[in-house]
Amino acid sequence: MADLRNNFVGIKSPNPFWLASAPPTDKAYNVERAFKAGWGGVVWKTLGEAGPPIVNVNGPRYGALYGADRRLLGFNNIELITDRDLQTNLREIKQVKMNWPDRAMIVSIMVPCDEESWKAILPVVEETGADGIELNFGCPHGMSERGMGAAVGQVPEYIEMVVRWCKQYSRMPVITKLTPNVTDIRKPARAAKAGGTDAVSLINTINSIISVDLDNFSPQPSIDGRGSHGGYCGPAAKPIALHMVAEIARDAETYGMPISGIGGVTTWRDAAEFMALGAGNVQVCTAAMTYGFKIVEEMISGLSNWMDEKGHATLDDFAGRAVRNVSDWQYLNLNYIAKARIDQDLCISCGRCHIVCEDTSHQAIMKEKDGKRHFEVLDNECVGCNLCVSVCPVEDCITMEQLAPGSIDERTGRIVTGDYANWTTHPNNPMAKPVAEPAE
Amino acid sequence: MAEGLFKEGVAAGRLAPSQYADNFSDLHPPLIRHEALVEADRCYFCYDAPCLNACPTSIDIPLFIREISTGNPLGAAETIFEQNILGGMCARVCPTEQLCEEACVRMEAEGKPVKIGLLQRYATDIAMEEEKQFFTRAPETGKQVAVVGAGPAGLAAAHRLAMHGHTVTILDAREKAGGLNEYGIASYKSTNDFAQAEVDYVTAIGGITIRTGQILGEHFSLADLTRDHDAVFLGLGLGGVNALRAEGEAAEGVENAVDFIAELRQATDLASLPIGRRVVVIGGGMTAIDAAVQAKLLGADEVTIAYRRGKENMNASEFEQDLAASKGVNIRHWMAPVRVISENGKVIGIELEHTTLVDGSLKGTGDRALVAADQVFKAIGQTLATDGEGLILAGGKIEVDAEGKTSMAKVWAGGDCATGGDDLTVTAVAEGRDAAESIHRMLMS
């Protein structure tokens, strides 16, 4: 039985599944339910400074992007940080941590970008007995208009400055949460490291307008006929998050810095992928907000069974294993040649592979053979692009298969050498070097 | 409970009054919006879709389902009606399990096709309820076309001809237009007077006059029509019924299944319709099933279908056979009628003989069985009710070419009365539509 216990910058939890700072972690009632359901930890919804609480809109806060059968693929929100009184939150955090000593309790914080504000809040959070803090430098809407959240996260110098204050005025581990609404995610990550952060977490939500009401032409969620941009998350955001996590994991300056992976984690597979790309654990929000807390049971069971099957005894056994395989395009092996193969027994003859290849790609899939409906790859046209695999409704019906060295690529007429060769030495590259640089 | 349930002989009111409405309600209740959206999401939008190719009217099924899924049911209805102006009735009566749904790739994938028929009904119902018309007439051409028969073939032909600007007169023998849609389909397949609503919807394009009670060979002749019109389309169906060729079939209680079905469809009070306690239906097609199931639904105690060949030879679809079985109809294969037994001129039973194939031809085995019956319905096929009025016939039907042209100049034919194609509503629509296009080409050349 795989050991799912997680140790993230010294913070221990029975499994690597935390709930991200968001509505599910706004109060004791929800967090107690989450812990009962089996979640390893929570990041309490972001606290602001003492004083009159934040005000939220009183109309819709969320909008959804649907897939087939109204499956929620993407989600956005215009909710702000907690709108509950600071003292109430602190009291509840302390009580819940006492009730659940084995679970991770992280407190998310966002206060104005001045030293006094941070100096004021850190001790009162520390007094709760929480295991650590997460700096909300990511919230892209509302708070950012007031110089907080993403407004800080988009300026590396501010990140470094605030992280430094937090390390100076608190003994708690600091996790710096990054916004994806930047050009190069490595810059804020490097700044957080320079400030002394213990870890980064990412991604926060992405700037988004989820949809437009075509009756009144209001962006949604619509507040009295108007809409504001919101923060986008959910399964559709996962690829963006994976890329950013990987960029930080493989960056020379931040290599080895602990990462808490966030962004569309919905199943154990998503979690395993984030962790393989360098995340030490994952945080979940949208999936819980879509299905409730029970989904963690599937995540625990699925991850555990997969680890057993693959012989990974602990999380560390596979954590970061994919990082070394993330490469710049220029180092990809141009002599690796694959062709699509259609399993005729699995094929249901929908013809989608044919029409997408015919209309939009390489005219490499025939539609009939001997006068009958039949879909088969033409090796002399197939460039191995994977479009057909991507659109096929039947799993494993179309696969990409590598041409063995020595065989002939019918498209080019050349023999497959099996030698590694990349763009850096390719004759078509005006910048080509005489000897190939090895992949990193 | 109904005290008449076990009344001997032929009697009305076998069921409690409320049960009739239950028994004859919609066989497949329409999809609500949510169900339609869930089902539409199952469509893969196949290339050169097998369902489309399996549809006799070539409705662009993937396109109309995609239109439903994007919240555009009127667009879906237009896609359907472009190919099949009787798409509403076809959605109800098509044997989809043998046509589009059998071809659906999800049959191959998981044995459960997209419910194409119900989706088609969803879209067409919305358009018809909104009285949304998608087609307008071309400028009047001044050409006159006569259409004989206001059934699926005739209506489809008339609509297409009117659309092209021709003036159409439909002559129909019955009191009401609609043909088999009105008179020949089980009640639970076409509820709420849908056939008449569809006639109104189709003719709303304008340029179509329907004259009912006009019988070919009695009130007018084909020669009259060709003399007074630029073209004639014959879609008169099969008005005659094959005889059993069994001894004693003149007995009281031996009836044509099509008459029983028509009478039931036209009845205002089902409780007043007499039905036998024991009913035998002879035949193996849709008509036999419709008659047998409805006999059962009217409260008949024992209903038996006797078919002279095997299950695999039945013209009724497997779904229809299962439907009959689920309603308690006993289907007996390889049994042919030999003799109707009567007492005081009324049928009391039928003698059947087991059959078998000998060198490919059907032979009686000599082994016989007596089945008690108060009513015997004949459903062994219909015949052309005209001598052809000079047209060349083939196999008892009006001979036509691929475009629906008959042996006579200016005369086209389609639907059940003509050669070619299965005797299905949807096939009749396709033939009527295509003949109209052929007529139009001739008229405009």
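Colleague: How many aromatic pairs does the structure hold over all chains?

Modeller: In this predicted model, the count over all chains comes to 10 aromatic pairs. One of them is formed by Trp268(A) and Trp306(A), whose rings sit 6.1 Å apart centre to centre with 35° between the planes, an arrangement that counts as tilted.

Colleague: Where in chain A do Trp268(A) and Trp306(A) sit?

Modeller: Trp268(A) belongs to helix 8 (residues 268–276) and Trp306(A) to helix 10 (residues 295–310), so that the pair links distant parts of the chain, 38 residues apart. Trp268(A) counts as buried, because its relative accessibility is 15% and the limit for buried is under 20%.

Colleague: And over in chain B, what about Phe81(B) and Tyr201(B), how are those rings set?

Modeller: The ring centres of Phe81(B) and Tyr201(B) are 5.2 Å apart and their planes meet at 40°, so this pair is tilted. Here too the pair links distant parts of the chain, with Phe81(B) in helix 5 (residues 73–83) of chain B and Tyr201(B) in helix 12 (residues 194–203) of chain B, 120 residues apart.

Colleague: Are Phe81(B) and Tyr201(B) buried or exposed?

Modeller: Both Phe81(B) and Tyr201(B) are buried, and they also belong to a cluster in which ring pairs link Phe81(B), Phe134(B), Phe135(B) and Tyr201(B).

Colleague: Switching to cysteines, how many disulfides are there over all chains?

Modeller: The count of disulfides over all chains is 0.

Colleague: Why is there no bond from Cys55(B) or Cys90(B) to the closest cysteine sulfur?

Modeller: A disulfide is a covalent bond between the sulfur atoms of two cysteines, and the cut-off used here asks for those sulfurs to be within 2.5 Å. For Cys55(B), the closest cysteine sulfur is that of Cys94(B) at 6.6 Å, which is too far for a bond. For Cys90(B), the closest is again in Cys94(B), and at 4.5 Å that sulfur is also too far for a bond. As for exposure, Cys55(B) is buried with a relative accessible area of 10%, and Cys90(B) is buried at 2% relative accessibility.

Colleague: What about empty space inside, how many cavities of 30 Å³ or more turn up?

Modeller: There are 7 cavities of 30 Å³ or more, and the largest cavity holds about 420 Å³ of space. It is lined by 33 residues, of which Ser21(A), Ala22(A), Asn77(A), Asn204(A) and Thr205(A) are the closest to its centre.

Colleague: Which element gives the most to the lining of the largest cavity?

Modeller: Helix 9 of chain A gives the most, with 3 residues. The elements that each supply at least two residues of that lining are strand 4 (41–47), strand 6 (72–77), strand 14 (230–233), strand 16 (281–284) and helix 9 (286–291) of chain A. By class, the lining of the largest cavity has 18 nonpolar, 12 polar and 3 charged residues.

Colleague: And the second largest pocket, what volume does it have?

Modeller: The second largest pocket has a volume of about 690 Å³. Among its 27 lining residues, the closest to the centre are Asn333(A), Leu334(A), Asn335(A), Tyr336(A) and Ile337(A), while the elements giving two or more residues to the lining are strand 17 (338–342) and strand 22 (414–415) of chain A. The lining of this pocket divides into 14 nonpolar, 9 polar and 4 charged residues.

Colleague: How is chain A split in the domain assignment?

Modeller: The assignment gives domain 1 (6–325) and domain 2 (329–425), and the C-alpha centres of these two domains of chain A lie 40 Å apart.

Colleague: Backbone next: which residues are joined to Ile203(A) and Pro221(A) by a cis peptide bond?

Modeller: Leu202(A) is joined to Ile203(A) by a cis peptide bond with omega about 10°, and Ile203(A) is in the loop between strand 10 (199–202) and strand 11 (206–208) of chain A. Gln220(A) is joined to Pro221(A) by a cis peptide bond with omega about -5°, and Pro221(A) is in the loop between strand 13 (219–220) and strand 14 of chain A.

Colleague: What is the phi of Asp224(A), and of Asp48(B)?

Modeller: Asp224(A), although not a glycine, has a positive phi of about 55°; it is found in the loop between strand 13 and strand 14 of chain A and counts as exposed at 78% relative accessibility. Asp48(B), also not a glycine, has a positive phi of about 45°; its place is in the loop between helix 2 (33–40) and helix 3 (50–54) of chain B, and it is partly exposed, with a relative accessible area of 42%.

Methods. Residues are numbered from 1 along each chain as its sequence is written. Chains are lettered from A and ligands numbered from 1 in the order in which they are written. This is a predicted model: local features need pLDDT of at least 70, side-chain atom pairs count only at pLDDT 80 or more; totals for chains, interfaces and linings use all residues. Side-chain values use heavy atoms; hydrogens and water are left out. Buried means under 20% relative accessible area, exposed over 50%, partly exposed in between (1.4 Å probe, protein chains only). On a 1 Å grid over the protein atoms alone, a cavity is a set of points where a 1.4 Å probe fits but cannot get out, and a pocket is an open set with protein on both sides within 12 Å along at least five of seven lines; lining residues have an atom within 4 Å of a point. Grid points are joined across faces, edges and corners, and a volume is the space filled by probe spheres set on the points. Helices (H or I, at least four residues) and strands (E, at least two) are DSSP runs, numbered from the N terminus. Ala, Val, Leu, Ile, Met, Phe, Trp, Tyr, Cys and Pro count as nonpolar, Asp, Glu, Lys and Arg as charged, and the others, Gly among them, as polar. Domain bounds come from an automatic or database domain assignment. Rings of Phe, Tyr and Trp (its six-membered ring) pair if their centres lie within 6.5 Å; planes under 30 degrees apart count as stacked, over 60 as edge-to-face and the rest as tilted.
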